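User: I'd like to learn how to read ligand sites and domain contacts in a model like this one. Can you take me through it step by step?

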Amino acid sequence: MTTLIPVLGDQLSFSLSALQGADPATSVVLMMEVAEETVYVRHHKRKIAFILSAMRHHATALRAAGWTVDYIGLEDPENSGSFTGEVTRAVARHGVTAIRVTEPGEWRVREAMAAWSAQLGLPVTILDDTRFVAPPGFFAGWAQGRKQLRMEYFYREMRRMTGLLMAGDAPMGGQWNYDAENRKPAEARLFIPRRRGTEPDAATQEVLTLVAARFADHPGQLEGFDLAVTREGALAEMARFMAEAMPQFGDYQDAMLTGEPLLWHSLLSPYLNVGLLDPLEVCRAAEAEYAAGRAPLNAVEGFIRQIIGWREYVRGIYWWAGPDYAKRNALGATRPLPDFYWTGQTEMRCLAEAIGQTLALGYAHHIQRLMITGNYALLAGVDPHDVHSWYLAVYLDAFEWVELPNTLGMSQFGDGGLLASKPYAASGAYVDRMSDYCGNCAYDVRQKTGPKACPMNALYWDFLARNRDQLGRNVRLAMAYRNWDRMAEDQQRALRASAAVHLTRLDAGDASG
Ligand code: FAD
Ligand code: DLZ
């Protein structure tokens with residue numbers, strides 16, 4: 001009687017439901033580095049290295065804890081290249097009588113797993129992934145019968161359920177949400193914490209060599225790889241964030257500065273998403289900073305909201321909306337993703353910064369993803385499926401359950417407003433207010449039309465005008481449409497002509513953007 005327990009690259013937690021209650025004496029844990037997972041989108045080199053190294057370290061930790069681990073390396077000559085192929089081979093190798101697995105983070109893999117029982121003639125138990133704060137079924141129960149699924153109301157339920165930052169039945173400080181206090185633009189002279197990172201050990205060096213050789217044509221850089229790849233390392237990253245950045249996290253959450261990829265953000269999402277950190281432990285650690293008087297309420301509430309609010313909410317939307325969510329395209333956007341998303345070579349400084357940093361590190365913070373790369377793709381009418389594939393490929397923390405609703409729903413309005421109450425569309429003025437990018441740009445953010453004008457300005461109005469049928473009745477855009485309607489006709493024509501010139505150049509592959 002041998003139970004096979006496949007553990008995937010984003011299931012690196014000892015608390016994994018498939019391990020809980022299983023008997024190490026009669027189980028074999030299967031960990032598989034497989035080609036299909038590395039190439040189904042062209043993942044950033046650093047992301048592949050992070051996942052493979054973290055998997056290898058986790059296998060060592062599992063063995064030390066008494067588990068038998070069968071680890072299939074990418075270069076194993078017998079490696080079939082897919083989860084199903086490797087599970088099939090392992091069943092024969094170990095005389096497996098049953099499979100026990102935790103559900104994956106993607107519909108594609110969920111469907112493959114669901115076929116294993118019939119394909120292999122074995123009982124296959126697919127368990128809920130319990131490594132989230134909301135218990136299984138919580139989101140579906142909350143969503144039932146609601147006309148609108150707004151994050152804010154879900155978040156309040158999560159606060160009540162967890163007791164985080166609660167004083168009895170009321171939110172601490174009297175308000176649920178301090179977002180309005182979290183929008184200060186940053187200034188270069190402010191003290192910004194310097195992350196020290198983690199020196200790669202011999203096992204990580206080996207993975208870096210493998211990835212450099214095998215994935216040379218994938219985007220991104222490996223130089224300076226300094227991510228933690230163990231639970232201990234991830235806990236140290238969490239402690240560093242709490243001590244050095246948490247107090248200012250709130251104030252400068254939306255700010256962007258040239259050459260400062262992290263500012264006061266945590267860079268904890270990769271560790272949370274592969275399972276090296278537990279979301280509730282991270283929230284409790286943040287709450288403790290507030291309780292100890294080391295971090296203010298707007299910072300701690302803002303941070304906790306991202307995790308028990310946004311992170312849990314987008315996961316709920318992903319599974320609740322079903323596998324066809326990925327196909328939605330409410331605004332009918334069809335333009336291919338501009339090539340400069342893969343090179344960072346554009347004269348628009350904001351895009352060059354956000355994309356350049358993404359290619360270097362596999363990281364950009366939320367506002368860069370939403371209001372720079374996402375905003376431009378939205379305004380330019382890029383096909384949301386192209387945009388989704390790019391985000392899934394280039395970010396260290398990108399797994400479909402979290403990436404897709406953020407990209408297709410929040411950023412591209414591809415779901416027509418299921419997730420966001422209005423499109424996150426903005427002109428250059430927003431970028432100028434929240435960053436120092438415009439000061440170094442070839443374009444002038446104050447000009448609205450003409451060859452030197454910031455392209456985002458005309459694109460913003462063109463976006464609203466061309467999508468009026470779908471967006472014109474959105475109450476949150478009423479003011480924007482009123483402003484458009486008040487403009488003189490020749491001004492409207494000039495804006496749309498400027499946008500058309502820019503888009504024509506873009507379609508012709510003009511790298512200057
Ligand atoms: P911090 O700013 O320090 O925030 C703390 C934590 O809150 C994060 O680590 C993360 O776990 C959580 N969080 C914050 N915002 C969100 C959110 N909107 N959704 C889910 N969790 C959130 N996040 C991912 O984890 N994976 C993705 O693939 C991903 N794709 C995105 C695509 C787009 C277009 C956008 C707009 C956002 C995306 N996000 C994604 C959300 C967010 O940008 C990242 O979680 C965040 O930038 C990670 O950096 P950090 O750890 O420094 O976050
Ligand atoms: C992203 C990724 C990559 C690049 N490689 C592997 C791998 O070789 N083996 C593995 O188990 N998981 C990998 N992953 C993560 C999977 O793609 C992820 O588990 C599924 O998308 C389900 O969330």
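User: Which residues come nearest to ligand 2?

Analyst: A residue counts as near when one of its heavy atoms lies within 4 Å of the ligand. This is a predicted model, by the way. Here 18 residues sit around ligand 2, and Gly 9, Asp 10, Met 32, Glu 37 and Glu 106 come nearest.

User: Okay, and which atom of Glu 106 lies 2.9 Å from an oxygen atom of ligand 2?

Analyst: For polar contacts, look for N or O pairs within 3.5 Å. With Glu 106, an N or O atom of the side chain is 2.9 Å from a ligand 2 oxygen. Two others go through the backbone: an N or O atom of Met 32 is 2.7 Å from a nitrogen of ligand 2, and one of Gly 105 is 3.2 Å from a ligand oxygen. As for cover, ligand 2 on its own has 490 Å² of accessible area, and the protein covers 100% of it.

User: Now the other ligand. How many residues surround ligand 1?

Analyst: Use the same reading here. There are 28 residues around ligand 1, with His 265, Ser 266, Leu 267, Asn 273 and Tyr 363 the closest. By class, that shell splits into 14 nonpolar, ten polar and four charged residues.

User: Where are the polar contacts of ligand 1, say at Leu 268?

Analyst: At Leu 268 a backbone N or O atom lies 3.0 Å from an oxygen of ligand 1. Side chains join in on ligand nitrogens: a polar atom of Gln 306 is 3.4 Å from one, and an N or O atom of Arg 369 is 3.5 Å from one. Ligand 1 exposes 810 Å² when taken alone, and the protein buries 99% of that.

User: Which helices supply at least two residues of the shell around ligand 1?

Analyst: Mapping a shell onto secondary structure tells you what builds the site. In this case H10 (269-274), H12 (297-321), H14 (366-380) and H16 (400-411) each give at least two residues. H16 has the largest share, with six.

User: And which domains does the shell around ligand 1 draw at least three residues from?

Analyst: Domain 2 (138-193 + 245-321) and domain 3 (340-507) each provide at least three. The assignment also has a domain 1, covering 3-127.

User: How many residues of domain 2 are in contact with domain 3?

Analyst: Count both sides, then check the area. 31 residues of domain 2 touch 30 of domain 3. Together the two domains bury about 2,600 Å², 67% of it on carbon and sulfur atoms. Their centres, taken over C-alpha atoms, are 25 Å apart.

Conventions:
Residues numbered from 1 in each chain as written. Chains lettered and ligands numbered in written order. Predicted model: local features only at pLDDT ≥ 70, side-chain atom pairs only at ≥ 80, totals over all residues. Heavy atoms only, no water. Polar contact = N/O pair within 3.5 Å; in protein donor to acceptor, adjacent residues only side chain to side chain. Areas by Shrake-Rupley, 256 points an atom, 1.4 Å probe, with all protein chains shown as cover. Helix = DSSP H or I, 4+ residues; strand = E, 2+ residues; numbered from the N terminus. Nonpolar A, V, L, I, M, F, W, Y, C, P; charged D, E, K, R; others polar. Domains from an automatic or database assignment. Contact = heavy atoms within 4.5 Å. Buried area = accessible area lost by both parts, 1.4 Å probe.
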